[in-house]
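Reader: Hi! Could you walk me through this one? I'd like to start with a single residue and work outwards.

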Amino acid sequence: MRAAPVGTHLLLDLYDVAPERLTDAELLSGALTGAARDAGMTPLSEPVLHCFPGGGLTGFLPLAESHIAFHSYPELGYLAADVFTCGPDPGAPDRAVAVLLAALSPGRPCVRRFDRGADVEAAR
């Protein structure tokens with residue numbers, strides 16, 4: 001018998017994002033906290049952001065339910081992000097992604113969904 005997935009992992013490839021959005025630490029930090037809030041997730045700390053020479057940012061928000069993270073590439077107009085949650089609300093990851101999409105306004109968003117741990121029982 002196949003077990004229910006342990007969690008849901010959404011991978012985002014956001015293309016054609018305005019470079020100024022991808023270098024705006026305040027915008028991106030707010031997007032992380034807003035995504036968690038709107039999804040009903042529980043942040044374990046403030047977002048952690050690091051700025052690279054040239055303006056790219058990486059950010060991470062640890063959650064009781066797992067995490068939200070991103071890496072921005074302003075020179076490419078691209079942001080890679082992921083939302084992983086093992087919480088009980090199956091709609092939570094989609095609500096978190098909606099906040100990120102609204103904050104970044106990508107011209108070409110690509111969101112892929114993966115069930116995580118679906119075969120845990122089979123492996124025991």
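**Contacts, core and sheet**

Author: Happy to! This is a predicted model. Leu 12 makes a good starting point: beyond its neighbours within four places in sequence, Leu 12 contacts Leu 79, Ala 80, Ala 81, Asp 82, Val 83, Val 97, Leu 100, Cys 110 and Val 111.

Reader: Nice. Which residues have the most contacts inside the largest nonpolar core?

Author: Those are Leu 12, Met 41, Ile 68, Leu 79 and Val 83, in a core of 27 residues. At least two core residues come from each of β1 (7–15), α2 (25–39), β3 (57–63), β4 (66–73), β5 (78–85) and α3 (92–104).

Reader: And which element gives the largest share of this core?

Author: That would be α3, with seven residues. In soluble globular proteins, nonpolar side chains tend to be buried together.

Reader: Switching to the sheet: what order do the strands have?

Author: The order is β2-β3-β4-β5-β1-β6, an open sheet of six strands with antiparallel pairing. At the edges are β2 (48–51) and β6 (108–116); each has a single partner strand, so one side of each lacks a neighbour in the sheet. Ignoring direction, neighbouring strands are turned against each other by 10° on average.

Reader: How many bridges join β2 to β3?

Author: Four, and the two strands run antiparallel. As an example, His 50 has Thr 58 in β3 as its bridge partner.

Reader: Where do the helices go, then? Which strands does α2 touch?

Author: α2 packs on the sheet and touches β2, β3, β4 and β5, with its direction at about 25° to that of β3. As for α3, this helix lies across β1, β4, β5 and β6 and runs at about 15° to β1.

Reader: Okay, new topic: backbone oddities. What is the phi of Asp 16?

Author: Asp 16 has a positive phi, about 60°, although it is not a glycine. Asp 16 sits in the loop between β1 and α1 (19–22). Its relative accessibility is 46%, so Asp 16 counts as partly exposed, the class between 20% and 50%.

Reader: What about Ser 66?

Author: Ser 66 is not a glycine either, and its phi is positive at about 145°. Ser 66 belongs to strand β4.

Reader: Last one, down at Val 120: which helix is that in?

Author: Val 120 is in α4, residues 120–123. Val 120 is partly exposed, with 31% relative accessible area.

Reader: And how far apart in space are Val 120 and Ser 105?

Author: They are 37 Å apart, C-alpha to C-alpha, with their positions 15 residues apart in sequence numbering.

Notes:
Residues are numbered from 1 along each chain as its sequence is written. This is a predicted model: local features need pLDDT of at least 70, side-chain atom pairs count only at pLDDT 80 or more; totals for chains, interfaces and linings use all residues. Side-chain values use heavy atoms; hydrogens and water are left out. A nonpolar core is a set of buried Ala, Val, Leu, Ile, Met, Phe, Trp, Tyr and Cys residues joined through side-chain atoms within 4.5 Å. Buried means under 20% relative accessible area, exposed over 50%, partly exposed in between (1.4 Å probe, protein chains only). Contact means heavy atoms within 4.5 Å. Two strands pair if DSSP finds at least two bridges between them. Axes are lines fitted to C-alpha atoms, for helices over the stretch in contact, and angles run from 0 to 180 degrees between N-to-C directions.
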